Amino acid sequence: MSHKGILVVISGFAGTGKGTVIERLRKQYDNYELSVSATTRSPRPGEQEGVHYFYKTKEEFLHMIDQDELLEHKEYVGNYYGTPRAFVQSRLEEGKNVILEIEPQGAMDIKKKMPDTVMIFLAPPDAVTLRDRLAGRATEDAQKQKERLHRAAEESDMITSYDYIVVNDDLDQTVEEVHQVISAAHFRMGSNLEFVKKLQEEMQMFV
Ligand code: 5GP
């Protein structure tokens, strides 16, 4: 069956735990690559250049857009974020599953360009849990947290545009569920047409 890499988009409101889920997924299973985005926002304490993001000035970011180096890009709460094209394409060709952790508008652009993308929305169990998790993230001031919750409320309209929804309540279970969803995509008919064609041709010997 298909050994081609699958492009996976994981979105979720700020504070849902996307980063933690993806980190665990990569530790527990082979064959996952995380696309590192470019952003104009400043690094949070503990974040590293080239690991969490490629940190750019606005001018550098606009230059990347001009050079068509980004697969998609969007503005989010006052900063730009974008997916570098070259990394995604080369890893998919090597047969890796590539994960994009991006917000819903960029996610929809990706789905339009690459319709086979597996779209997963990671949801919090409920709104109050989300607010409390975000408040526990001491790296942002109250104003930024408010803006992110407001943005999350707007994003909630887009949830039904995703193919799958996984609720992040118990971390171990969430990681397992996300892995199952991605694994199943390897068996989609559209991802196995080469195999099907070969089998159909072989079957002609019985005609
Ligand atoms: P944060 O500042 O919390 O790291 O990210 C803010 C939001 O931007 C999150 O929803 C994250 O998923 C999204 N994001 C990160 N990288 C990209 C990207 O390359 N493109 C788009 N469209 N969104 C991104």
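**Exercise 1.** Which polar backbone atom lies 3.3 Å from an oxygen atom of the ligand, and to which residue does it belong? List the other polar contacts too.

*Solution.* The model is predicted: local features need pLDDT of at least 70, side-chain atom pairs count only at pLDDT 80 or more, and totals for chains, interfaces and linings use all residues. Residues are numbered from 1 along each chain as its sequence is written, and side-chain values use heavy atoms, without hydrogens and water.

Step 1. The backbone atom belongs to threonine 83. The pair is a polar contact (N or O atoms within 3.5 Å).
Step 2. Turn to side chains. An N or O atom of arginine 44 is 2.9 Å from a ligand oxygen.
Step 3. Glutamate 103 places a polar side-chain atom 2.7 Å from a ligand nitrogen.

**Exercise 2.** Describe the shell around the ligand.

*Solution.*
Step 1. The shell has 16 residues, each with a heavy atom within 4 Å of the ligand.
Step 2. Ser37, Arg41, Tyr53, Glu72 and Tyr81 come nearest.
Step 3. Sort by class: 8 are charged, 4 polar and 4 nonpolar. Asp, Glu, Lys and Arg count as charged; Ala, Val, Leu, Ile, Met, Phe, Trp, Tyr, Cys and Pro as nonpolar; the others, Gly among them, as polar.
Step 4. Strands E5 (70-76) and E6 (79-84) each supply at least two shell residues. Strands are DSSP runs (E, at least two residues), numbered from the N terminus.

**Exercise 3.** Give the extent of the chain.

*Solution.* The C-alpha trace spans about 70 × 40 × 30 Å along its principal axes.

Terms used. A polar contact is a pair of N or O atoms within 3.5 Å; within protein, one must be able to donate a hydrogen and the other to accept it, and residues adjacent in sequence count only if both atoms are side-chain atoms. Helices (H or I, at least four residues) and strands (E, at least two) are DSSP runs, numbered from the N terminus.
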